[in-house]
Amino acid sequence: MASEALRLEELIDRGYQQGFYTALETDTVARGLDEDVVRLISAKKNEPEFMREWRLKAYRHWLTLAEPRWSSIVHPPIDYQAISYYSAPKSRKDGPQSLADVDPALLRTYEKLGVPLAERELLAGVAVDAVFDSVSVATTFKDKLAELGIIFCSFSEAVQEHPALVRQYLGSVVPYTDNYFATLNSAVFSDGSFCYIPPGVRCPMELSTYFRINAINTGQFERTLIIADKGAYVSYLEGCTAPMRDENQLHAAVVELIALEDAQIKYATVQNWYPGDKEGRGGIYNFVTKRGDCRGANSRISWTQVETGSAITWKYPSVILQGDNSVGEFRSVALTNNYQQADTGTKMIHLGRNTKSTIISKGIAAGHGRNAYRGLVKVAKNAANARNYTQCDSLLMGDRCAAHTFPYIEVKNATARVEHEASTSRIGEDQLFYCQSRGIGPEDAVSMIVNGFCKEVFKELPMEFAVEAQKLLGVSLEGSIG
Amino acid sequence: MLEIINLHASIDDQPILRGIDLAVNAGEVHAVMGPNGSGKSTLAQVLAGRDSYTVTAGEVRYCGRNLLELSPEERAREGIFLAFQYPVEIPGVANIYLLKAAINARRKHRGEAELDAMDFLALVKDKLKFMGMDEALLYRHVNQGFSGGEKKRNEILQMALLEPRLAILDETDSGLDIDALKVVAAGVEAMRSPARAIILVTHYQRLLDYVVPDRVHVLSQGRIVRSGGPELALELERRGYGWIDAGEAERVGAAP
Ligand SMILES: Nc1ncnc2c1ncn2[C@@H]1O[C@H](COP(=O)(O)OP(=O)(O)OP(=O)(O)O)[C@@H](O)[C@H]1O
Ligand SMILES: [Mg+2]
């Protein structure tokens, strides 16, 4: 049995495929954090006073906080003074005017990653706001989107061009006081994406960002803000992959989503940062705060995530269901292998009447991986007829990994219906043998079984992302005909 | 086609097969019978390559090759098919997807082009009709929520699609209603051909009424203790296994 477990592990144990490093000159601020660094970041970005003050308030608040300890994650202490809080790729002038102005090494990096930056994007229907380290270097299809009144740009640009919108919505879902990592992000965030869909507009293409960590000891502090005004619709894709690095790298992103009346936001993530080596050395520490606010009646927000990378994943994309009849969804596949740790889940906060939420969590643990689902379903006193359905399934490969489920349920309204189902299974030797006895090789068999396990989540991803997700799991997508 | 010589196999150091000798030629149907726990499924699974069993002695030759050297998937691609006594459920994986992957793995192995979706569907629908199965089963997850009989029929459907050279059916007749038994038996009978060998593991004469075997073997405590023609199965049906076990004990006891 032990050898069986080992063999399974070998199959899922492929080296990290995206590990390469691009030599770029970077404009990096000296390590360490104090008020001057915060002011410097703000000044480098030529920010208006309200932004600088907001950052400083966040910084001062951060000083009063301690790292959270309630998760199941274990890591050596992070030295926040050893991190450089600003790094931007150098380009010829002040900033790239077009793709031709972008460092060719950077473009090659994207090419290797398969990020579509050229014409073919248009055919694929994807607009890419590529983030390299801390500054956006390319934004495409802006003109096309602008015709519809859609704003899709880097966060820095939004601060310059649309300060009123930024001021109105920034921190309105995740306040700067929210939690240790979100507060840190609020003080030092470098860049990210901003998106506004005007009333009644359906965004005609999937919007997408690609993140990449590349500079040594540079924390990544992305900030994303997406607003769907009344009756608007947008589907947003976030993909991440990083080059092989030895140092642990901190990533503390914040994503805020706001859906007004009748609006819908779909947010999908495929995360493949460097997970560390087989012994657990290196790898990204990923502490993310993602939250959506169904602010208007009949609004809808869905999170879909495929988490395969990072040494540590600490992430709970949540939905606040304020508007009556609003709907929140969370679907997640989280895979941990070797010494990876994931503590991830969601919070569904039911405030409005007739609000509905669905949670589907698929955790896969292999090697010494540790996988925890942590979810809160909260129904407030006035949230009549709230409904939640939660399903948490764990799949274990081998016998040295672990999966845990921590469901928290707080119901203050007697009309609420909250259902929870959970299961844990092991990739069975019998399943594997059954496939093999049909002529299917063990690698393909494992892929098939894992894909089957994740099916309910994968089917929610846009096609191109689903393809990426299955690649990340080292599998071939099920069901061109299935 | 298949030659088993003095095969010993154990699990967790506990011997289960204790010297099996059996030869099966192309075109023949052999029935393997024997009491519960005598090692019939073990034999079937060892032939299919399950690695939780350790072969401790003996040899298996298949079409002139050493079968024990091959991985389970290689054996399958070389034409061995095992219909499981307990077919395995694979949640989330559409039945049709498994079927297509299995067929194409075999075709690839033979250097043939993979079947495209249209050709595959045509083929599968044809076999489905023959098995009297509902098309909806193709799109359900592999064996998940299938009734006992549906699982068994699904195994025979796979066999019909994969057209094995050596088919081993482990109690495919158990748990079938009378009509289903006829369908399964017809499926097996249709597979009978001069180029193909079939091993039927069964407890009941019912199946052998439809598919008359060339040889019948009785397995007891990991050994073949009696072989004969179809009449042996009839005799077992009448007398049970007791008389054979007693005879076996005598014979073994008398051995020097
Ligand atoms: N994994 C295992 N661990 C321990 N013992 C096993 C294992 N698998 C099989 N055995 C034992 O091996 C013996 C033979 O089992 P096998 O399944 O081959 O019997 P069988 O002839 O197919 O019986 P049945 O008619 O009930 O299907 C039994 O005593 C069984 O308990
Ligand atoms: Mg059996």
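The following paragraphs lead through a predicted model, from a metal site to the cores, a sheet, a helix and a few single residues.

In chain B, the magnesium ion (ligand 2) has as its protein donors the OG atom of Ser41(B) and the OE1 atom of Gln85(B), which lie 1.9 to 2.1 Å from the ion. These two donors bring together distant parts of the chain, since Ser41(B) belongs to helix α1 (residues 40-48) of chain B while Gln85(B) sits in the loop between β6 (80-83) and β7 (90-94) of chain B, 44 residues apart. Their accessibility falls on either side of the 20% limit under which a residue counts as buried: Ser41(B), at 22% relative accessibility, is partly exposed, whereas Gln85(B), at 16%, is buried.

From the metal site we turn to the nonpolar interior. In soluble globular proteins, nonpolar side chains tend to be buried together. The largest nonpolar core of this model holds 109 residues, and the members that touch the most others are Ile364(A), Leu2(B), Ile4(B), Leu47(B), Val188(B) and Leu200(B). Helix α11 (residues 442-458) of chain A gives the most to this core, contributing 9 residues. Apart from this core lies another, of 49 residues, which includes Tyr80(A), Phe189(A), Leu225(A) and Ile258(A). Within chain B, and leaving out residues up to four places away in sequence, Leu2(B) touches a set of residues among them Leu22(B), Val24(B), Leu47(B), Val60(B), Leu166(B) and Ile199(B).

Chain B also contains an open sheet of 6 strands, arranged in the order β6-β9-β10-β3-β11-β12 with mixed pairing. Because β6 and β12 (223-228) of chain B stand at the edges and have a single partner strand each, one side of each is left without a neighbour in the sheet. From one strand to the next, the twist averages 20 degrees. At the β12(B) edge, strand β11 (residues 215-220) of chain B pairs with β12(B) in the antiparallel sense over 5 bridges, and Leu219(B) has Ile224(B) in β12(B) as its bridge partner. Helix α6 (residues 148-162) of chain B packs on the sheet, where it touches β6 and β9 (166-170) of chain B, and its direction makes about 170 degrees with that of β6(B).

In chain A, helix α3 (residues 49-63) has 15 residues and should therefore span 21 Å at 1.5 Å a residue, which agrees with the 21 Å between its end C-alpha atoms. Its buried residues are Phe50(A), Met51(A), Trp54(A), Arg55(A), Leu56(A), Ala58(A), Tyr59(A) and Trp62(A), and these pack against α2 (35-44), α7 (155-161), α8 (163-169), α9 (180-188) and β8 (223-228) of chain A.

Elsewhere in chain A, Val255(A) is found in strand β11 (residues 254-259) and is buried, with a relative accessible area of 3%. Beyond its neighbours within four places in sequence, Val255(A) is in contact with residues including Val174(A), Thr224(A), Tyr267(A), Arg291(A) and Trp303(A).

Two residues are notable for their backbone angles. Most residues other than glycine have a negative phi. Asn298(A), although not a glycine, has a positive phi of about 60 degrees; Asn298(A) lies in the loop between β13 (284-294) and β14 (300-307) of chain A and is partly exposed, at 37% relative accessible area. Cys63(B) likewise has a positive phi, near 50 degrees, and is located in the loop between β4 (54-62) and β5 (65-66) of chain B, where a relative accessible area of 33% makes Cys63(B) partly exposed.

Key. Residues are numbered from 1 along each chain as its sequence is written. Chains are lettered from A and ligands numbered from 1 in the order in which they are written. This is a predicted model: local features need pLDDT of at least 70, side-chain atom pairs count only at pLDDT 80 or more; totals for chains, interfaces and linings use all residues. Side-chain values use heavy atoms; hydrogens and water are left out. Donors are N, O and S atoms within 2.8 Å of the metal (3.2 Å for Na, K and Ca); water is not among the atoms, so sites may look incomplete. Helices (H or I, at least four residues) and strands (E, at least two) are DSSP runs, numbered from the N terminus. Buried means under 20% relative accessible area, exposed over 50%, partly exposed in between (1.4 Å probe, protein chains only). The expected span of a helix is 1.5 Å times one less than its number of residues. Contact means heavy atoms within 4.5 Å. A nonpolar core is a set of buried Ala, Val, Leu, Ile, Met, Phe, Trp, Tyr and Cys residues joined through side-chain atoms within 4.5 Å. Two strands pair if DSSP finds at least two bridges between them. Axes are lines fitted to C-alpha atoms, for helices over the stretch in contact, and angles run from 0 to 180 degrees between N-to-C directions.
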